[in-house]
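Reader: Could you take me on a close look at one part of this structure, and then show me what else is worth seeing around it? I would enjoy a connected walk-through.

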Amino acid sequence: MQFPLVLGLDTFGDRTNDAEGRPISHAQTIRNLVEQGVLADQLGVDFFGIGEHHTDDWPLSAADVVLGAIAARTKRIHLGSAVTVLSSDDPVRVFQRYSTLNAISGGRAEVILGRGSSIDSFPLFGYDLADYETLFEEKVNLFAELLKGGPVSWEGTTRAALINQDVVPHTEAGPFPVWIGVGGSPQSVVRAAHYGFNLMLAIIGGNPSRFAPFSRLFDQALKQFGQTPRPVGVHGPGHVAATDENAREEFWPYYEDVFRRIGKTRGFATPTKEQFLREVGLHGALYIGSPETVAQKIAANLPALGATRFDLKYGMGGLSHEALMTNIELYGTEVIPRVRELLASKS
Amino acid sequence: MAIAAGFHVSIAASGDPEKIALMTSILVPGAEPRWAADAVKDADIVVLSIPLHKFASFDPGLVAGKLVVDAMNYWRPVNGVQAMFEDGRYSSSEIVQRRLARSTVVKTLNHIGYHEMEDDRRPEGSPERRALGVAGDDPGAVDAVAEVIERIGYDTVRLYSLSAGRLLEPGAPVFGVSLRRAEFELALHAQVA
């Protein structure tokens, strides 16, 4: 394995319920999230990522602030966005916020850039969805320039030009790691290779093995662009509990509820339990079960996908903070060591 | 899937095929990357699958005289509001047909997730075989497209009117759902009733 194995956690800061099943406040959700990040660090999880969203169900619109709070209370864990919706953000501000996080955390910041699969940030910040591709293309280009660290000159159509502009704070030891999050667009894979960024495959439904060609495309495209090899990661949703049955039964009602509501606004049918169980099974996208079940699935999928990193996206709207803390604890104390063991015996 | 079923497949993006050559060779081995005009010229069936906000600037002349499969959806929460598709009298494929006036439009493949396609196809006669709707005003065109869909691994439910394409749109009971043919027909009837 050319790159070290990295096993992390991602969250969208899903709204949680209290013991009576009532939604808790956004403010308390965010304070709980800090505790979750601190626990992840204590248990030896490698990475903690927060995905940007702008809705009542996912109130994490300023992930970097939360990451800063976690950074101040931790020593080891890497912290990053998962993802930053760069299309509707200013690359200069994203660079500034994450180089600030990098300073606070002593070089533990990372950024995963995405185009955004939910579109809430576009009207919120005054962007037109028709410019979706141009916005991302130009902004990734500027972000790559900013990462080089020197004064930046840049011109495009989506923001004001920069002429020999010093952008602060400077990083201490070169650029922080940048990943491009890809949910299915091959152009994004090629774009990541073009800039020499790392590739994060977001596999949230269907058979993960269909993404294997994306890793091969990434390797070939890196070669074509004269870049050195870069790591590939996988972001996968799931839930770990003491037994397979516990995990499934805890997760399913909230999964059904969340997807029923998303389905209503987006026009797709509510998933059936049968579909859910198919996703939980060996060829599905969900990592749900006992620590052993989840570890086996991760250890099987990483080599099949040419990946050396896995980020478990934990949480589902309505699950309690306590259930999430148990999930994190089992992931850190049992899943991670078991995946390391399984992959070490394979290589 | 089409290549596996024995069809010759060309792929075109908006520009130089060189830009998609690597992608095509790894993700769709066997398909030929070409300029859009060349790909269309030699094709019996053109599958149009572009971001819908680009459709307004798509040149109808490019597919004039061709049988066009409309695999697109007007999906407001994903695409944003687009004035052209806001006319409630017409299904989105009828609006596509009105703009592509010199083409024959058939709607299908819009109601199955791309991530489900390879896993869900089955040989003919399999009790698990998933059904897809195929809708269009031209019966010959509907049958021609349905035969392709059946060859690549799905049953079909044929709807001989593009206006009925509405039954396959986002929000409809068959949208994004894996159904056998009888279940698919039942869901359509329930919707009409």
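**A helix across a sheet in chain B**

Author: Happy to! In this predicted model, let us begin with helix 4 of chain B, residues 92–99, which lies across strand 4, strand 5 and strand 6 (131–136) of chain B. Relative to strand 5 of chain B, helix 4 runs at about 165 degrees.

Now for the strands underneath this story. They belong to an open sheet of five strands in chain B, ordered 3-4-5-6-7, and the pairing is mixed. Strand 3 (45–48) and strand 7 (155–159) of chain B are the edge strands, each pairing on one side only. From one strand to the next, the twist averages 30 degrees.

Within that sheet, take a look at strand 4 (residues 67–70) and strand 5 (residues 104–107) of chain B: they pair in the parallel sense, over four bridges. One residue pair to find on your screen is Leu67(B) with its bridge partner Thr104(B), which sits in strand 5 of chain B.

Helix 4 has company. Helix 6 of chain B, residues 139–152, lies across strand 3, strand 4, strand 5, strand 6 and strand 7 of chain B. The angle between helix 6 and strand 6 of chain B is about 160 degrees.

Next, the nonpolar cores. The largest has 96 residues, and Val189(A), Leu199(A) and Leu201(A) have the most contacts inside it. If you centre your view on Val189(A) and leave aside neighbours within four places in sequence, its contacts are Val182(A), Leu199(A), Phe214(A), Leu217(A), Phe218(A) and Ala221(A). A second, separate core has 41 residues, including Leu109(B), Ala141(B), Tyr154(B) and Phe184(B).

From there we can step over to where the chains meet. There, 21 residues of chain A are in contact with 21 residues of chain B. On the chain A side, helix 6 (186–195), helix 7 (212–224) and helix 8 (244–266) each supply at least two residues. Helix 7 of chain A gives the most, with six residues. Sorted by class, this side of chain A has ten nonpolar, eight polar and three charged residues.

One last stop, in chain A: Ser320(A) is found in strand 14, residues 318–320. Ser320(A) counts as partly exposed because 17 other C-beta atoms lie within 10 Å. Not counting residues up to four places away in sequence, Ser320(A) touches Thr16(A), Asn17(A) and Ala19(A). As for Val83(A), it is 237 residues from Ser320(A) in sequence, and the two are 23 Å apart in space, C-alpha to C-alpha.

How values were computed: Residues are numbered from 1 along each chain as its sequence is written. Chains are lettered from A and ligands numbered from 1 in the order in which they are written. This is a predicted model: local features need pLDDT of at least 70, side-chain atom pairs count only at pLDDT 80 or more; totals for chains, interfaces and linings use all residues. Two residues are in contact if their C-beta atoms, placed from the backbone, lie within 7 Å. Ala, Val, Leu, Ile, Met, Phe, Trp, Tyr, Cys and Pro count as nonpolar, Asp, Glu, Lys and Arg as charged, and the others, Gly among them, as polar. A residue is buried if 20 or more other C-beta atoms lie within 10 Å of its own, exposed if 12 or fewer, and partly exposed in between; C-beta atoms are placed from the backbone. A nonpolar core is a set of buried Ala, Val, Leu, Ile, Met, Phe, Trp, Tyr and Cys residues joined through C-beta atoms within 7 Å. Two strands pair if DSSP finds at least two bridges between them. Axes are lines fitted to C-alpha atoms, for helices over the stretch in contact, and angles run from 0 to 180 degrees between N-to-C directions.
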